[in-house]
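Please open the model in your viewer and keep the selection tool at hand. The stops below are meant to be followed in order.

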Amino acid sequence: MAKNGLWLGVALAPMMTVPAAAQQATTPEPADHAAAGQAPDEDELGPDITVTGARERGAVPGDIKPDIQLSPADIRSYGVSSISELLNELGPQVRSGQGRGGAPVVLLNGRRVSGFSEIRDIPTEAIERVDILPEEAALGLGYRPDQRVVNFVLRRRFRAYTGEIAGGGATGGGLYTGSADLTRLTISRDRRFNLNLHYDGGTALYEADRDIIPTPTQGAFSIPGNVTPALDGATEIDPALSALAGQPVTVAGVPIGQNSALALSDFLLPRTASSLANYRTLNAANRTLSTNATYSRTIFGNVSASLNGTFAATASASELGLGSGALEVPANSPFSPFASPVLVNRYFVEAGAREREVAGNTGHLGLVLNGDVGKWRWSFTGGFDRAFSRTLSDTTLDLAAAQARIDAGDPTVDPFNYLSPALLGDYRRDYARSITTTGNAEATASGPVMTLPAGKLVASLKSGYETSSFDAHAFRSGLLSDSDLDRQTGTVQASVDLPIAKRGNFLGAIGNLSVNANAALNHVSDFGDLKTTGYGVRWSPIDAIRVIASVNQTESAPSVSQLGNPVVVTPDTRVFDYVRGESIDITSVAGGNPLLNAESRRVTKLGLTLKPLGSTDLTVTANYVKARTRDPIASFPSPTEAIEAAFPDRFTRDDEGRLVRIDTRPVNFAREDSQELRWGFNFAKRIGPAPPQRPAGGFRGPGGGFGGPGGGFGAPGGGFGGRDEGGGAPATRPGTTAGENSATPPATDTVAATGASTDTPPAGGGSDADRRRNFMNTMANPNNPRGQAMARAMSGGRLQFAAYHTWHLQDQILIRPGVPVLDLLDGSATGSRGGQPRHEIEVQAGGTLNGYGVRLSGNWQSGSSVNGGTANAPTDLKFSSLATLNLRLFANFQPNMALVRANPWLRGTRVSLNVTNLFDARLHVTDASGATPINYQPDLLDPTGRTVKLSIRKLFF
């Protein structure tokens with residue numbers, strides 16, 4: 001405890017040294033007349049001052065420029081509703097170039113957030129700009145060097161309720177989904193309140209809903225039942241039955257359902273087989289209900305503070321097939337025609353399907369404080385998380401009561417017919433429960449240390465402390481097991497960025513050149529000290545070219561859940577046994593592995609960014625990444641000869657060599673090596689008429705500007721850009737400096753056709769409703785000059801195209817010393833879906849025009865092969881290439897002012913149609929004969945297939 005206390009003190013020391021932000025003087029701003037619905041006087045505002053070369057409002061500190069920058073027009077072209085959906089749509093652009101980089105670092109207005117949940121539900125209409133920066137920018141912010149940085153800059157004023165409902169399902173039938181969202185967002189400069197309520201759910205998808213050939217059942221089980229000998233060593237059921245059949249009979253079908261006593265000749269039936277497709281789900285039924293609330297404001301004068309709280313409850317239910325068992329029928333049973341005892345092997349359909357129920361809930365509280373001390377930025381984040389999960393799994397039936405009644409010769413219990421469900425009772429149940437609790441605190445500070453000839457030496461410091469506990473209980477097969485883990489982690493990290501040369505200044509012939517270095521030490525209570533070190537160089541000979549090179553060495557411990565997850569046993573799990581080349585149902589064991597080691601990963605990256613066409617919005621990127629990981633932590637791989645030789649204790653086979661059980665808990669490999677080249681481009685272009693440029697004094701209108709107080713474009717209250725929205729010409733207001741209200745993208749990119757109120761209706765006579773109605777009439781009047789300008793501002797559109805190609809040059813795994821290296825690009829595999837495709841392509845295309853839009857996103861991967869079986873009996877598989885395409889069509893009615901005027905309910909309404917996997921593409925797998933193994937049927941690899949979803953969304957102002 002003393003050692004942990006020492007680390008706590010070291011980790012939190014920088015938090016105590018940050019001067020109180022309340023002591024920093026701030027420059028008072030003029031009265032906010034817009035918030036009061038009044039028009040500011042021109043004399044009070046003074047002349048607008050154009051600022052050139054100033055940092056954009058809300059930009060990420062440092063000299064690393066965004067690789068990609070999205071304007072409101074770009075954001076609208078994606079046709080998505082929230083920051084969460086937008087980030088998902090930007091997947092190819094925000095993916096880390098360092099292979100295993102996790103989710104990107106997400107900032108808001110250039111500042112840290114308490115967690116992604118703080119901003120995930122913010123409507124896209126409230127976004128003024130999105131900046132996407134390379135991984136190296138994360139270092140200066142105190143994050144890991146393998147995450148890209150995505151910075152969302154919000155409008156200064158916004159107010160709306162957002163409601164959305166959606167429903168859909170798979171075109172193949174069987175699966176139906178629905179969701180509903182209600183969001184309230186208010187932004188008034190430094191104050192922000194956001195509340196979201198969310199529900200979604202989906203029905204279960206059964207095997208019977210798809211064209212699936214069942215896996216051959218093990219043993220003699222079937223729903224009607226099959227009779228086999230009960231005596232050990234018996235070679236036939238009954239000599240008399242064999243005589244009737246003219247050959248030895250070892251298995252006979254049961255003629256179930258007859259009301260009269262059965263004769264020996266009634267059992268001259270072949271072995272029966274049954275499909276369990278009606279009792280096994282491919283996708284579980286599920287539902288989620290969540291709420292998310294955030295409140296943000298400034299405190300102590302200039303410290304921004306945000307408090308976020310979330311709670312989510314989830315539940316799912318799946319069916320695992322039917323319970324099976326064998327009942328012994330004595331020779332003296334009144335129902336048996338046999339001269340010796342026999343076994344009736346049955347699936348007990350009368351007991352219903354075996355079920356698995358998973359329920360859980362998660363809660364989160366997060367706090368973030370952001371402030372400035374001189375030219376240094378500091379932040380403090382704290383959080384508390386709790387996650388609860390419970391799994392109940394039906395296993396076997398207790399047949400003791402039924403067997404006792406049969407042994408007693410009960411005339412009401414016919415062992416050759418269906419039994420009473422009451423006699424069978426309930427399934428035995430396995431139980432697994434886990435609770436994960438985490439608390440953390442972290443402080444960061446970054447800023448210039450000194451001024452050098454080529455610029456400022458910038459440093460970033462971070463310290464943090466985290467405590468986590470994992471409590472798990474499992475009751476399996478009558479045995480109780482417990483796992484109680486506790487971990488404390490202290491972190492200190494520092495990075496520096498040293499400028500060497502600068503164009504037009506020191507060593508200008510070289511261009512812009514800087515080097516950086518970083519180091520971190522994590523003390524993990526159960527793994528000791530883990531280090532992270534790295535260094536890199538950035539070079540830009542001209543504005544259009546940027547080169548980044550970096551090397552990072554990271555040590556990381558397995559998570560507490562990877563170490564201590566409760567054991568969960570799942571019977572009848574489909575696998576393909578590469579050793580024997582057959583599809584089979586086995587029992588799988590999942591859970592944590594307390595013997596996992598920490599892994600060490602070294603990543604070398606060389607990146608190039610080009611903007612070759614000057615003012616054209618075209619960005620080309622290329623990244624080469626080489627990685628070596630020692631003791632990598634991986635999910636347990638598929639059963640190949642090499643895997644089984646390396647982990648023989650994880651596999652159980654019967655006397656015939658047939659696989660019956662796999663322990664799939666995670667493992668450490670010895671080493672993993674990979675190399676890849678990923679390159680691509682992102683292009684955007686405006687189409688249609690350009691909106692009017694905002695003059696320095698603003699378009700005059702009610703409230704002192706074009707459309708509302710503050711000079712906004714569009715909706716009542718200031719609207720779609722404008723001075724307070726950051727739109728139009730870059731300008732500063734009296735009492736501010738260039739850095740406080742700095743340059744933003746041109747008005748052509750910042751006009752947002754949303755109609756969301758930014759504070760209050762325009763000043764003027766009459767009620768709010770009258771003023772809004774007059775405003776809408778103005779916008780819809782083709783003869784009014786202001787209406788014409790507004791219509792031009794909201795018309796036009798955007799084209800966007802992006803394509804990225806990943807070329808995997810190396811992907812090899814050494815499982816353990818002394819065994820052959822697995823080459824995932826040349827015949828080896830660790831997963832059930834084949835080896836690593838050598839080539840992967842991601843494509844996105846979209847366009848909007850006057851509120852109507854279409855987006856296409858596609859993914860393609862090359863084929864692969866797996867050399868299965870053994871050296872003496874190979875069973876090779878070929879995995880086809882796979883191309884999928886998603887389509888989104890949407891109509892935003894707001895820009896069509898005449899339509900909105902005639903139908904006011906359409907104001908702020910958007911209708912979207914989403915089609916996932918448009919052509920219902922599936923992966924195809926064949927063996928050496930060209931046949932598809934049962935476990936690789938397309939409907940098993942992708943049971944959902946093509947899905948369609950219709951959503952209706954409306955902003956209420």
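This tour of a predicted model goes from a surface patch to a sheet and then to a single serine.

Begin by selecting Tyr 161, Leu 182, Phe 193, Leu 195, Leu 197, Tyr 295 and Phe 956, which together make a nonpolar surface patch of about 620 Å². If you then colour strand E7, residues 191-202, you will be looking at the element that gives the most to this nonpolar patch, with three residues. Stay with the patch for one more selection, Leu 182, which is found in strand E6, spanning residues 176-188. Leu 182 counts as partly exposed because its relative accessibility is 44%, a value that falls between the limits of 20% for buried and 50% for exposed.

Next, select strands E37, E38 and E41, which form an open sheet in that order with antiparallel pairing. The edges are strand E37 (864-866) and strand E41 (925-927), each of which pairs on one side only. On average, neighbouring strands of this sheet are turned by 20 degrees against each other, with direction ignored. To look at one pairing in detail, keep E37 and strand E38 (residues 877-879), which are joined in the antiparallel sense over three bridges; here Ser 865 stands opposite Lys 878 of E38.

Finally, move to Ser 951, which lies in strand E42, residues 947-956. Is Ser 951 buried or exposed? Ser 951 is buried, because its relative accessible area is 4% and buried means under 20%. Leaving aside residues up to four places away in sequence, display its contacts, which are Glu 164, Ile 165, Ala 166, Arg 910, Val 911, Ser 912 and Asn 914.

How values were computed:
Residues numbered from 1 in each chain as written. Predicted model: local features only at pLDDT ≥ 70, side-chain atom pairs only at ≥ 80, totals over all residues. Heavy atoms only, no water. Patch = residues over 30% accessible without salt bridge, like charges linked within 9 Å, V, L, I, M, F, W, Y side chains within 5 Å. Areas by Shrake-Rupley, 256 points an atom, 1.4 Å probe, with all protein chains shown as cover. Salt bridge = Lys/Arg side-chain N within 4 Å of Asp/Glu carboxyl O. Helix = DSSP H or I, 4+ residues; strand = E, 2+ residues; numbered from the N terminus. Buried < 20%, exposed > 50% of the residue type's maximum accessible area, 1.4 Å probe, protein only. Pairing = 2+ DSSP bridges. Axes fitted to C-alpha atoms, helices over the stretch in contact; angles between N-to-C directions. Contact = heavy atoms within 4.5 Å.
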